[in-house]
Amino acid sequence: MLFVMKKIIFEQVVNMILATLLACATATTVLHSTIDTSTTNYFVEIKFNRLWLLFILMSIIFSILRYVYGKVFGQHDGYDTKAAEFSCQDEREQLISQHATKITYRFMTNILAASLAILLFSNLLTNSIMMLRLIPIILIAVCFNLMLLIYLIAWIFYDHNI
């Protein structure tokens, strides 16, 4: 059971880190880029910063770690690098994965509905163009990380109860 938990925790934590890095890199790109539509020439300047390099490096490092984890622990816990957190060693793990996915889906429908409401009301409450650009990025990042966290918690909960 400990090996099984390791693969789920490993996958979800790695995915949360990468999602957060991607959101931060995207947000800083939006903050530092300029768009000028006031003249006859439409001018867009997009600036990529070092967070993108960090995101790419961490993606490569985590891909290597996933490969190594699959080779070292793959025989013990049924970890498959292609199936990732959905790799199942037996029927019990498949059942746990199905339950965790179902719970995650139920939570995400509510979280996405709440995000749409937040997006609507934030447009009414702010007149800052920069905030209007950042709010969707923040909401998507929060929703994605919540989805990963809910899957992880549901997996652990069902693993202990089944």
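Let me start with Cys143, which is buried, at a relative accessible area of 6%. By buried I mean under 20% relative accessible area, by exposed over 50%, and by partly exposed anything in between, with a 1.4 Å probe and protein chains only. Cys24, by contrast, is partly exposed at 36%. And how many disulfides does the structure hold? Zero, where a disulfide is a pair of cysteine sulfur atoms within 2.5 Å.

Before we go on, a word on what you are looking at. This is a predicted model, in which local features need pLDDT of at least 70 and side-chain atom pairs count only at pLDDT 80 or more, while totals for chains, interfaces and linings use all residues. Residues are numbered from 1 along each chain as its sequence is written, and side-chain values use heavy atoms, with hydrogens and water left out.

Now the overall picture. The chain has four helices and two strands, and along the sequence they come in the order α-β-β-α-α-α. Helices here are DSSP runs of H or I with at least four residues, strands are runs of E with at least two, and both are numbered from the N terminus. Of the 162 residues, 34% count as buried. The chain exposes about 10200 Å², and carbon and sulfur atoms supply 72% of that; the areas come from the Shrake-Rupley method with a 1.4 Å probe, and for residues only the protein chains shown count as cover.

What about contacts, meaning heavy atoms within 4.5 Å? Among those between residues at least 6 apart in sequence, 70% join residues at least 24 apart. For a single residue, take Thr28 in helix 1, which covers residues 2–32. Thr28 is buried, at 17%, and leaving aside residues up to four places away in sequence, Thr28 touches Asn49 and Leu51.

Let's move inside. Which residues make up the largest nonpolar core? There are 10 in all: Ile8, Met16, Ile96, Ala100, Leu148, Tyr151, Leu152, Ala154, Trp155 and Tyr158. Such a core is a set of buried Ala, Val, Leu, Ile, Met, Phe, Trp, Tyr and Cys residues joined through side-chain atoms within 4.5 Å. Helix 1, helix 3 and helix 4 (129–161) each give two or more residues to this core, and helix 4 brings the largest share, six residues. Apart from this core lies another, of seven residues, including Phe10, Val14, Leu18 and Phe55.

Keep Phe55 in mind, as we turn to the rings. A pair of aromatic rings is described by the distance of the centres and the angle of the planes. Rings of Phe, Tyr and Trp (its six-membered ring) pair if their centres lie within 6.5 Å; planes under 30 degrees apart are stacked, over 60 edge-to-face, and the rest tilted. That rule gives three aromatic pairs. In one of them, Phe48 and Trp52 meet edge-to-face, 5.9 Å centre to centre with 80° between the planes. Trp52 also pairs edge-to-face with Phe55, at 6.3 Å and 90°. Trp52 and Phe55 are about one helical turn apart, because they sit three residues apart in helix 2 (residues 50–77). Ring pairs thus link Phe48, Trp52 and Phe55 into a cluster. Within that cluster, Phe48 is exposed at 59%, whereas Phe55 is buried at 17%.

One last stop: Tyr105, in helix 3 (residues 91–125). Buried or exposed? Tyr105 is exposed, at 60%. Tyr105 and Ile150 are 45 residues apart in sequence, and their C-alpha atoms are 9.5 Å apart in space.

Conventions
Contact = heavy atoms within 4.5 Å.
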